[in-house]
Amino acid sequence: MSSVSDQSSPAAGRPSGASYAAAGVDIEAGDRAVELMKEWVRKTQRPEVLGGLGGFAGLFDASALKRYERPLLASATDGVGTKVDLARQLGVYDSIGHDLVAMVMDDIVVCGAEPLFMTDYICVGKVHPERVAAIVKGIAEGCVLAGCALVGGETAEHPGLLGPDDFDVAGAGTGVVEADRLLGADRIRSGDAVIAMAASGLHSNGYSLVRHVLFERASLSLDQHIEEFGRSLGEELLEPTKIYSLDCLALTRTTEVHAFSHITGGGLAANLARVIPDGLHAIVDRETWTPAPVFDVVGRTGEVERLELEKTLNMGVGMIAIVPEESADAALATLGDRGVDAWIAGEITERGEHTTGAALIGDYAS
């Protein structure tokens, strides 16, 4: 072993051998990133979490589930899509972590599950410790808002595959729900109210269309002030995705809820249809809300047909709750007390045998 070291030593007059660092992977920078993120990860800890950051696996004390009669574990995984490229261009990294938690944990809460813990995966072309720590900071802040712990993750450096400033993020989460409190299509009845919860903006879907329209077709710039937004285009597009997890759980505790639907890729009608049982139909009235200006700007600028907009973007609705008609007022009161903008957007109706789905009627309120 020592002879190999001598032969590869520059002092011996020969070229130095290959190394991980020479291949583009900086282990020391990775270690520095871990140190910077520890403070933020600690803020997400729940009593059930064992151990600290840096182990091979995150540990969660499952004995906490003994209070359940029949606990069902719910899991989900997701990313943020091409929104990360806007964050890269603007040099703003923490909001992307917030988006990631929303995309994962708001899927989990749809079945009525309480978010428990999450793990993340961050892939970069080159580790910039402060940037990685900023992403994790955003993930940790999002986990606090969702009520879950961040129990671990991975930062992978992929030189040659990604540029030095390129990155992507993904995450996976786990939640738990009592079997007899599982929400879904089998609970929905004709006459139920469809309650919409306002989105904070575009959230994290449809950015390939948005980028094509605003940058490729219209040649707008991220620092350009847009009158309709009252701020720059970049600030509008990076608005973090709203996290509804704790609001939805509060709703299940205060009133009867039959189902939730997280409005992501595919739009309002397609995602709502996923929880509608055979023989029933969801009717949503566009006149009950006015989408934020960003949706109109994208539509007008790209001459995008309304159907295309509605199947790509959330159009101002981030989450749907389906509740018995007699519970609608209580549900709206709970959401209002929590600062969630919500309204009755439609109802569940009878439909012909073996038909299902959701439809939007009318025009958007002006």
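1. Which side chain meets that of Arg-286 in a salt bridge? In this predicted model, the partner is Glu-310, and the N to O distance is 2.7 Å. Because Arg-286 lies in the loop between strand E11 (280-285) and helix H10 (293-302), whereas Glu-310 belongs to helix H11 (residues 306-310), the pair ties together parts that are 24 residues apart in sequence. Arg-286 is buried, with a relative accessible area of 8%, and Glu-310, at 12%, counts as buried too.

2. A salt bridge within one helix is formed by the side chains of Glu-141 and Lys-137, at 2.9 Å from N to O. The two residues are four apart in helix H5 (residues 129-146), so about one helical turn separates them. Glu-141 counts as partly exposed, at 32% relative accessibility.

3. Glu-308 and Lys-311 also meet through their side chains in a salt bridge, at 3.5 Å from N to O; Glu-308 is partly exposed at 33% relative accessibility, and Lys-311 is partly exposed at 47%. Elsewhere, salt bridges that share partners join Asp-85, Arg-88, Asp-166 and Arg-211 into one network.

4. Turning to the interior, the largest nonpolar core has 75 residues, and those with the most contacts inside it include Phe-167, Leu-237 and Ile-322. Helix H4 (residues 94-108) gives the most to this core, with seven residues. Apart from it lies another core, of 19 residues, among them Val-109 and Phe-260.

5. Leu-237, leaving aside its neighbours within four places in sequence, is in contact with residues including Lys-83, Tyr-207, Phe-215 and Val-294.

6. Helix H8 (residues 245-254) is mostly covered, with seven of its 10 residues buried, among them Asp-247, Cys-248 and Leu-251.

Terms used
Residues are numbered from 1 along each chain as its sequence is written. This is a predicted model: local features need pLDDT of at least 70, side-chain atom pairs count only at pLDDT 80 or more; totals for chains, interfaces and linings use all residues. Side-chain values use heavy atoms; hydrogens and water are left out. Buried means under 20% relative accessible area, exposed over 50%, partly exposed in between (1.4 Å probe, protein chains only). A nonpolar core is a set of buried Ala, Val, Leu, Ile, Met, Phe, Trp, Tyr and Cys residues joined through side-chain atoms within 4.5 Å. Contact means heavy atoms within 4.5 Å. A salt bridge is a side-chain nitrogen of Lys or Arg within 4 Å of a carboxyl oxygen of Asp or Glu.
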